[in-house]
Amino acid sequence: MIKLNEHKEPQHSVTSQRYLTPNKVTVFMSQHLGSPAELIVKPGDEILRGQIIAKTTGFVSANVHSPVTGKVLKVEYAKHPILKHAEAVIIGPDYTKPRVNFKPKDTIKFSKEEILNIIKESGIVGMGGATFPTHVKLMPKSPVDTLIINGSECEPYLATDCRVMLEYTNEILKGVEILAKLLDVKTVIFGIAENKPRAIKLFEETIENGKYDFPLVKIAELNAGYPQGGEKQLINIVTKRKVPPRGLPMDVGCVVHNVGTCLAVYDAVYKGKPFIERLVTFCGDALKEPKNVWVTIGTNLKELFDSNILEFKTAPKKIICGGPMMGIALDSLDYPIIKGSGGFVFLSHDEAEVPETPCLSCSRCVDVCPMNLLPNEFVRAVKAGEYELLEDMNLIDCMECGCCVYSCPAKIPVVHYVRMGKQFLRNHAVKEKK
Amino acid sequence: MYNISSSPHLRVKLDTRSVMLNVILGLLPVTAAAVFFFRVPAVYIILNCIITAILTEWLVLKMRGVNPLSNTSYGSLKDLSAVVTGLLLALILPPAVKWYAATLGTVFAIAVVKHIFGGLGCNIFNPALMGRLFLMIAYPKMLTTFYEPFSVDVVSKATPLALYKFSSQFVSLKSLFLGNISGSIGETSALCILIGGIYLLLRKIADWRIPLTMFGVVLAVTIIMGTINPLSGSLFFHLLSGGLLLGMFFMATDPATSPVTKLGRYVFGAGCGLIIIIIRYWGGYPEGVMFSILFMNALTPLINRYTKPKRFGER
């Protein structure tokens with residue numbers, strides 16, 4: 001675990017605003033972990049806001065909905081912030097048509113299966129960044145007794161979790177109520193980082209005053225540093241349980257959901273609204289002012305600048321999709337917002353632009369590795385081309401959190417080498433199969 | 001077009017150069033003590049070793065076909081590691097060492113011990129200690145002749161540990177603490193070494209685990225030996241004399257030659273402490289810090305292998 005300069009202000013205190021009328025949206029079939037959804041519309045089709053345009057194609061997959069009412073212009077391969085290029089539907093919105101308002105449902109009468117089905121149909125994926133389809137996590141194969149709500153947001157700069165906790169406290173708690181009931185857990189633990197004291201206080205008060213049908217509730221104030229919001233780390237901090245290597249949280253009776261996901265579940269179950277909008281933090285020293293904006297999925301980043309929602313103060317040197325520790329650097333502004341885009345950081349300088357120097361074996365990487373691996377040995381093995389060693393070194397267990405790279409005085413991009421090594425292991429496994 | 005690179009996009013400010021600069025800062029008090037106690041000869045030795053180290057590093061990097069002033073995969077003059085090696089070697093040489101011996105030892109440390117094994121971070125043995133070992137074999141008499149501080153004409157005088165070992169005499173603890181004793185130029189003042197050493201630990205430049213177990217083992221065994229044989233010297237005598245303090249703060253904690261695992265660093269420190277004690281009490285030499293650290297340097301890869309941390313969640 002490491003302590004980072006958090007850069008959370010002023011984003012933490014900026015009230016969210018809305019930009020829900022994009023000129024064009026680009027909706028990808030693949031914006032979740034798992035198999036891409038299958039397209040069910042074709043160019044020329046008139047579609048409605050919230051209509052399913054692509055269906056799940058397997059156990060781990062999620063539906064994709066149209067975020068606007070309008071016409072399908074074309075289906076093409078578009079620039080994807082994570083996959084480089086991926087199949088997408090380009091939709092031209094038509095704001096002359098009446099806006100689709102979602103009808104609240106009388107969910108009290110619904111059975112567990114029906115509620116689970118609503119969540120599945122709504123295309124909700126984990127909002128913490130990994131975008132794992134939420135309904136899959138709600139069908140654990142082994143018994144689960146603890147539901148952990150992740151409000152740690154340990155990536156520097158990002159503030160969406162903090163904002164939804166402050167602005168939608170009741171809705172999140174209602175969402176948690178649904179999840180707790182579906183999973184039939186004995187305990188609900190909220191893990192909230194100490195750098196969000198207002199959120200912690202608000203949750204404590206709201207839970208005390210509100211009437212929520214919770215089992216045992218606990219609020220854990222997290223102060224371990226980065227990456228305390230990592231699923232395995234969070235479980236360890238709040239329950240002392242350790243998920244075994246390559247295991248899942250349910251192996252130790254836990255399920256972790258992000259606060260944003262709880263809000264999305266509330267919207268889907270109580271309001272009948274699928275996952276078509278999300279809160280995104282835009283910040284960094286190259287922006288005039290940081291903003292938290294509700295945007296429709298598929299809005300182009302560039303459009304936010306064209307419509308003056310965002311303004312540059314200085315020319316950015318680096319644009320990061322996600323947080324600066326695990327996010328992806330973008331080569332241009334021409335990228336659509338996807339379900340997993342929690343934030344964009346615009347930096348006028350690039351700390352990573354430093355030459356790599358020889359490893360001193362100073363062991364700082366080993367000391368900070370939250371998975372207790374030996375990052376220095378990964379680098380040595382990958383550089384020497386000794387890929388067969390990588391499996392014994394448990395390279396696969398590396399979650400690429402970046403603590404080693406951050407701490408390295410020799411400025412070695414360890415995670416880059418780890419990715420090279422993993423790529424080799426993947427190629428190797430494919431060859432073995434053949 | 002914006003910068004693209006693999007995540008993470010943040011870096012700590014600390015770099016190799018500042019690590020080395022901090023080590024030099026940590027060595028400043030003891031360097032000052034060396035100059036104070038041994039006057040002009042100490043200045044000559046220190047300048048000789050540092051300049052030779054820089055020139056050798058420059059030459060070897062040239063020979064390896066890289067620009068010594070740029071960042072290369074073998075190291076660079078800019079990272080100041082050569083200055084650290086030169087200064088460390090100077091501090092563990094006796095004041096009467098001849099100029100050519102100091103020069104030769106430094107050349108050996110940089111060219112052979114450091115660069116033949118791959119350069120910065122790749123060396124198996126601590127270059128400064130290896131340089132001294134080389135000189136001890138090449139010039140055994142010169143390297144075991146010491147004299148008292150401030151002496152105008154050079155009258156040889158045994159070190160406190162040698163006095164104890166070969167003639168059962170003890171030096172006052174106050175002299176040991178302040179450094180007013182005969183010995184290698186940078187090993188006499190326990191006070192100044194402690195100041196620098198604690199600075200390194202506080203700045204987290206050196207890891208505390210190695211000094212802890214190294215000091216702990218020497219302390220424990222000395223207490224036991226003291227109870228068995230009260231004539232074996234007081235506790236503080238063993239802890240303050242010889243190269244123990246300088247070795248444990250500045251040599252044993254050399255990152256390249258000590259283990260990377262936390263458990264390994266405890267083992268490494270304990271091993272150093274044990275070998276020091278064995279040599280001091282039962283060995284042929286009065287002092288064993290140099291041998292102990294070099295011996296444990298050789299064991300470092302093995303220690304790393306057997307002290308691998310358990311993966312998160314592994315039982």
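This is a guided tour of a predicted model with chains A and B, arranged as a series of selections.

**The interface between the chains**

Begin by selecting chain B together with whatever it touches in chain A: 36 residues of chain B are in contact with 55 residues of chain A. If you colour the chain B side of this interface by residue class, you will find 15 nonpolar, 13 polar and 8 charged residues.

**A helix pair in chain B**

Next, restrict the view to chain B and select helix H9, residues 209-228, along with helix H12, residues 262-282, whose axes are 7 Å apart and make an angle of about 35 degrees. The crossing of H9(B) and H12(B) is right-handed. To look at the contact itself, show the side chains on both helices: the H9(B) side includes B:Ile210, B:Met214, B:Val218, B:Val221 and B:Met225, while the H12(B) side includes B:Tyr266, B:Phe268, B:Leu274, B:Ile277 and B:Tyr281. Over the whole of this contact the residues divide into 17 nonpolar, 4 polar and 3 charged.

**The two domains of chain A**

Now move to chain A and colour it by the domain assignment, in which domain 1 takes in residues 1-16 and 99-353, and domain 2 takes in residues 364-433. The C-alpha centres of domain 1 and domain 2 of chain A lie 28 Å apart, and 10 residues of domain 1 are in contact with 11 residues of domain 2. On the domain 1 side of that contact there are 7 nonpolar residues, 2 polar residues and 1 charged residue.

**A:Leu374**

Within chain A, select A:Leu374, which sits in the loop between helix H9 (364-368) and helix H10 (375-384). Is A:Leu374 buried or exposed? A:Leu374 counts as buried because 21 C-beta neighbours fall inside 10 Å, where the cut-off for burial is 20 or more. Leaving aside residues up to four places away in sequence, A:Leu374 touches A:Val366 and A:Met393, and also B:Val260 and B:Lys308 from chain B. For a distance across chain A, draw a line from the C-alpha atom of A:Leu374 to that of A:Arg163, which is 211 residues apart from it along the chain; the separation is 37 Å.

**The four-stranded sheet of chain A**

Select the open sheet of 4 strands in chain A, which follow the order S2-S8-S7-S4 with antiparallel pairing. Its edges are strand S2 (25-28) and strand S4 (46-47), each of which pairs on one side only. Starting from the S2 edge, S2(A) and strand S8 (residues 84-93) are paired over 4 bridges, and A:Phe28 can be found opposite A:Ala88 in S8(A). One step further across, 10 bridges join S7(A) to S8(A), and these two strands form a hairpin with 3 residues between them. At the other edge, 2 bridges join S4(A) to strand S7 (residues 70-80). A:Gly70 is a useful residue to label here, as A:Ile47 stands opposite A:Gly70 in S7(A), and A:Gly70 in turn stands opposite A:Pro93 in S8(A).

**The six-stranded sheet of chain A**

Then select the open sheet of 6 strands in chain A, ordered S1-S14-S13-S17-S15-S16, in which the pairing is mixed. Strand S1 (17-19) and strand S16 (328-330) are the edge strands, and the twist from one strand to the next averages 30 degrees. At the S16 edge, strand S15 (residues 318-321) and S16(A) pair in the antiparallel sense over 3 bridges, with A:Leu330 in S16(A) as the bridge partner of A:Ile319. Add helix H3 (residues 160-167) of chain A to the view, since this helix packs on the sheet, touching strands S13 (277-283), S14 (291-296) and S17 (343-347), and its direction makes about 125 degrees with that of S13(A).

**A:Phe344**

Finish with A:Phe344, which is found in strand S17 of chain A. Which residues does A:Phe344 touch, not counting those up to four places away in sequence? They are A:Val280, A:Phe282, A:Leu301, A:Ile319, A:Ile320 and A:Cys321. The C-alpha atoms of A:Phe344 and A:Cys321 are separated by 4.7 Å, although these residues are 23 residues apart along the chain. With 27 C-beta neighbours inside 10 Å, A:Phe344 therefore counts as buried.

Technical notes: Residues numbered from 1 in each chain as written. Chains lettered and ligands numbered in written order. Predicted model: local features only at pLDDT ≥ 70, side-chain atom pairs only at ≥ 80, totals over all residues. Contact = placed C-beta atoms within 7 Å. Nonpolar A, V, L, I, M, F, W, Y, C, P; charged D, E, K, R; others polar. Axes fitted to C-alpha atoms, helices over the stretch in contact; angles between N-to-C directions. Left-handed = near helix turned anticlockwise from the far one by under 90°. Domains from an automatic or database assignment. Buried ≥ 20, exposed ≤ 12 C-beta atoms within 10 Å, placed from the backbone. Pairing = 2+ DSSP bridges.
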